[in-house]
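Work through the exercises below with the model open. Try each task before reading its solution.

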Amino acid sequence: MTFLKSKAALWSLALVIPLLAGAAIFAFLGANPLEAYSVMFAGAFGSFARFSEVLVKASALTLTGLAVILAARMNLWNIGCEGQLVMGGVFATAVALWYGTVLPAPVLVPLLFLAGALGGAAWASGPAWLRSRLGVSEIITTLLLNYVAIALMEHLYFGPWRDPAGFGFPGTAMFADAATLPRFPGTRVHPGLLAGLFGAGLLAWVLAKTRWGYELTVMGLGPKAAEYAGMNAARRGLWVLILSGAIAGIAGMAEVTAIHHRLQQGLSVGYGYDGVIVACLARLKPGFAPIGAVALAAVLVGGEYLQTRMRLPSAASLVIEAALLLSLLWLQTRSEKR
C-alpha cells in the first residue's frame, strides 16, 4: 500500500494506535475518552507546577534512555538500566551516609556523581564480561540482575542501613544538606535534568564526530565487517555496556540525593525499563532522547492526575505506554525490512 510506504504515515500510525488503545480502556471503564485525554493533558501541562513534575520524571528518563541508546547503537540491548539505576542510588547513599557530615558540598557533590556512575558501571560489568568473553546474551543477564539489585537495596534499608531513629520506618537516615543536590526554586527539578541534556548533546557529538563513535556505529551495523576491518567488537562491547550502566547509575544518584534525600522504597519505579521506550521514541538518536523523555513523562504524570480527578486507575497510562512500545517496535521492524 502506497500509504504505508510514507514515513510520516508510519509514524502517525505508531502514535495513533496507542491513543486508540487508551481510548478503548477509558471507554471500558465507563469514562469519556476525550474527557480523559483532556484531563491527562491538563495534568501534565495545565500549570507550571505540573509541568515541573514532568521535567522531574524526564530527568531520570533522559538518562536511562541515553544508556539504552548507547548500547543499542552497537546492537547491544541493555535491559538492566533499572538495576543499574538502583545500584547508582545505593553507591551514592553509601558516600552520603559516610562522608555527608565530614566533607563540604563542593567536594561531596562530584563524589556523589562519581559514586552513582561507579555503582551503575559495576552492576553492568558482569553482563558485559559474560557477553564479551562467553557470548552470553546481555538481554537475559542484565534483566535478571534488576531483581537482584532491588533485593539488595531492600536488604540494606530494611537491615544494616535502616535509620535507628526512624521509628521502624524502612529507610536510611536523611542525608546531610551537603550531600543533597539543590533544586530549582519552587520546584523539584534538579541538576539531573541538566546532566541529561548535557549527556544527550555530548553523546550525539561523540557518535557523529569522533572515530570512536564512528567505529561503534559500524560495529553495530555490520559486526562481521568490523571484525574483518580489524575492529575488536568484543572489547568495545565490554566498555560500551559498562559506560551504559554508568549513565543509568547517575540517574539513580540524582533520585536519592535530589528527590528522596535518603534510600527508601520508591527508587525503583520503572525508569530503567521506560528507558527502552524513550530510546525507541528517539529512534536511537541521543539528541532526541530529552524530547522522548518529556513525552513519556507527560503520559505518566497525566495518568496520575487522571486518578485523582476522574477516579480512574493510573495504570491506564501504563496501557498507553505498553501500546506505544509495541507500536514503535512494529515501526522499527517495518523500517528495517524496507
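Notes on the model come first, then five exercises with solutions.

This is a predicted model: local features need pLDDT of at least 70, side-chain atom pairs count only at pLDDT 80 or more, and totals for chains, interfaces and linings use all residues. Residues are numbered from 1 along each chain as its sequence is written, and side-chain values use heavy atoms, with hydrogens and water left out.

**Exercise 1. Describe the overall fold of the protein chain.**

Step 1. Take the secondary structure from DSSP runs, numbered from the N terminus (helices: H or I, at least four residues; strands: E, at least two). The protein chain has 14 helices and zero strands.

Step 2. Check the radius of gyration, taken over C-alpha atoms, against the globule rule (2.2 Å times the number of residues to the power 0.38). The value is 21 Å, close to the 20 Å that the rule gives for 338 residues, so the chain is as compact as a globular protein of that length.

Step 3. Look at the extents. The C-alpha trace spans about 65 × 60 × 30 Å along its principal axes.

Step 4. Count contacts (heavy atoms within 4.5 Å). Of those with a separation of 6 or more, 77% join residues 24 or more positions apart.

**Exercise 2. Locate the largest nonpolar core and its best-connected members.**

Step 1. Fix the terms. A nonpolar core is a set of buried Ala, Val, Leu, Ile, Met, Phe, Trp, Tyr and Cys residues joined through side-chain atoms within 4.5 Å. Buried means under 20% relative accessible area, exposed over 50%, partly exposed in between (1.4 Å probe, protein chains only).

Step 2. The largest core holds 81 residues; Leu 61, Met 74, Val 90, Leu 112, Met 153 and Leu 263 touch the most other members. Helix H11 (residues 233–260) gives the most to this core, 13 residues.

Step 3. Zoom in on Leu 112. Beyond four places in sequence, its contacts include Ala 92, Ala 179 and Met 253.

Step 4. Another core, of eleven residues, lies apart from the largest one, with Tyr 305 and Leu 312 among its members.

**Exercise 3. Find the nonpolar patch on the surface.**

Step 1. Patch residues have over 30% relative accessible area and no salt bridge; like charges are joined within 9 Å, nonpolar side chains (Val, Leu, Ile, Met, Phe, Trp, Tyr) within 5 Å. Areas come from the Shrake-Rupley method with a 1.4 Å probe; for residues, only the protein chains shown count as cover.

Step 2. Ile 139, Ile 140, Leu 144, Tyr 147 and Tyr 273 make up the patch, with about 490 Å² together. Helix H7 (residues 138–158) supplies four residues, the most of any element.

Step 3. Ile 139 is partly exposed, because its relative accessibility is 36%.

**Exercise 4. Which residues pair with Lys 57 and with Glu 138?**

Step 1. A salt bridge puts a side-chain nitrogen of Lys or Arg within 4 Å of a carboxyl oxygen of Asp or Glu. The structure holds five.

Step 2. Lys 57 pairs with Glu 304 at 3.4 Å. The pair joins helix H4 to helix H13 (residues 289–310), 247 residues apart.

Step 3. Glu 138 pairs with Arg 131 at 3.1 Å. Glu 138 is buried at 3%, whereas Arg 131 is partly exposed at 35%.

**Exercise 5. Trace the salt-bridge network around Glu 215.**

Step 1. Arg 211, Glu 215 and Arg 236 are linked in the network.

Step 2. Glu 215 meets Arg 236 at 2.9 Å, N to O. Glu 215 lies in helix H9 (residues 211–221) and Arg 236 in helix H11, so the pair ties together parts 21 residues apart in sequence.

Step 3. Check burial. Glu 215 is buried at 13%, and Arg 236 is buried at 16%.
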